[in-house]
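Biologist: I am new to this protein and should be grateful for a close look at one part of it, the annotated active site. Please set that part in its surroundings as you go.

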Amino acid sequence: MSQFPTFEVIPAVDVQDGEAVQLVAGERDSGKRYGDPVAAAERWLDEGAETLHLVDLDGAFEGDRENADAIEAIVDATGEDVDVQVGGGIRTVEDATSLLDAGVDRVILGTAAVENPEIVEEISETHPGSVMVSLDAKEGEVVVSGWTEGTGLDPAEAAARYEELGAGSVLFTNVDVEGQLSGIDREAVERVVDAVEIPVVASGGVTDLADVGELRESGAAAVVVGTALYEGRFSLAEAMEV
């Protein structure tokens, strides 16, 4: 079955210091905490989530999977009917394949894919379609290492390159609007969607149901939503109806 046969709304469970957190504009210490990440994941599952988006934020910044236990507990709590995509601190083929073999459906590679594009090809050979390349853009440039380092790469050009290397999907995050409840940048999403045939999952800036609808119309295959859900701007069920 192809990924995202219909447009999906994917709740984010970002984990920092063992707690569910949502950052503002990718700033490390800007997060608002929402308690036990397993409880957060179970809440979204109860509300009908078809996919969960899990990120080890400490891993994204430090390069080591600091919250591996919490992520593993969430994976264990999800049933086979729910897809799980995991990112943050996955830096080697071994990191990725161990997660995939443990029941994770997609691994999200950001820094590792930029520093070593061949890693995408290598993982895809043994686990086809399982790599989601994360392209985080700040002021139109792909950034890595927890959004702290510029790369000079254009997001649309980078997306096309990773598609050639075997990536199964692209996660495009607009860091400029991340966590701020200030709205999306539809044009930036459309540029990436137009550059590839594989699914593009949009993230960053979703404030209301109109943003969800705009992203669907942009051609994105799915949207990851964090702060707006945690802050009760709308329910997962309302977003899924859109």
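Modeller: The accessible surface of the protein comes to about 10100 Å², and carbon and sulfur atoms account for 41% of that surface. The model is a predicted one. Of its 242 residues, 57% count as buried. The chain forms 11 helices and 12 strands. Among contacts between residues at least 6 apart in sequence, 66% join residues that are at least 24 apart.

With that setting in place, the active site can be considered. An unreviewed UniProt entry places the feature "active site" at Asp 14 and Asp 136; such an annotation may be inferred rather than shown by experiment.

Asp 14 is found in strand S1, which covers residues 8-16. Its relative accessible area is 9%, and because buried means under 20%, Asp 14 counts as buried. What does Asp 14 touch, leaving aside its neighbours within four places in sequence? Asp 14 is in contact with Glu 19, Ala 20, Val 21 and Gln 22, and also with His 53, Val 55 and Leu 57.

Asp 136, the other annotated position, belongs to strand S7, residues 131-138. Asp 136 has a relative accessible area of 13%, which is under the 20% limit for a buried residue, so Asp 136 is buried. The side chain of Asp 136 makes a polar contact with the side chain of Ser 134, at 3.1 Å.

One of the contacts of Asp 14 leads outward to a salt bridge. Glu 19, which Asp 14 contacts, meets Arg 33 through their side chains in a salt bridge of 3.3 Å, N to O. Glu 19 lies in strand S2 (residues 19-22) and Arg 33 in strand S3 (residues 32-33), so this pair ties together parts that are 14 residues apart in sequence. Glu 19 has a relative accessible area of 29% and is partly exposed. Arg 33, at 39% relative accessibility, is partly exposed as well. Thus Asp 14 is buried, whereas Glu 19, a residue in contact with Asp 14, is partly exposed.

The bridge between Glu 19 and Arg 33 belongs to a structure that holds 9 salt bridges. Another of them joins the side chains of Arg 191 and Asp 154, at 3.2 Å, N to O. This pair links distant parts of the chain, 37 residues apart: Arg 191 is in helix H8 (residues 186-195), and Asp 154 is in the loop between strand S9 (149-150) and helix H7 (155-164). Arg 191 is partly exposed, with a relative accessible area of 44%. Asp 154, by contrast, counts as buried, at 19% relative accessibility.

Helix H8 also holds both partners of a further salt bridge, Glu 190 and Arg 186, which are 4 residues apart, about one turn of the helix. Their side chains meet at 2.7 Å, N to O. Glu 190 is partly exposed, with a relative accessible area of 25%, and Arg 186 counts as partly exposed at 24%. Salt bridges that share partners join Arg 186 and Glu 190 with Glu 214 and Glu 217 into one network.

To return to the part requested, the two annotated aspartates lie in strand S1 for Asp 14 and strand S7 for Asp 136. Asp 14 is buried, and Asp 136 is buried.

Notes:
Residues are numbered from 1 along each chain as its sequence is written. This is a predicted model: local features need pLDDT of at least 70, side-chain atom pairs count only at pLDDT 80 or more; totals for chains, interfaces and linings use all residues. Side-chain values use heavy atoms; hydrogens and water are left out. Helices (H or I, at least four residues) and strands (E, at least two) are DSSP runs, numbered from the N terminus. Buried means under 20% relative accessible area, exposed over 50%, partly exposed in between (1.4 Å probe, protein chains only). Contact means heavy atoms within 4.5 Å. A polar contact is a pair of N or O atoms within 3.5 Å; within protein, one must be able to donate a hydrogen and the other to accept it, and residues adjacent in sequence count only if both atoms are side-chain atoms. A salt bridge is a side-chain nitrogen of Lys or Arg within 4 Å of a carboxyl oxygen of Asp or Glu. Accessible areas come from the Shrake-Rupley method with a 1.4 Å probe; for residues, only the protein chains shown count as cover.
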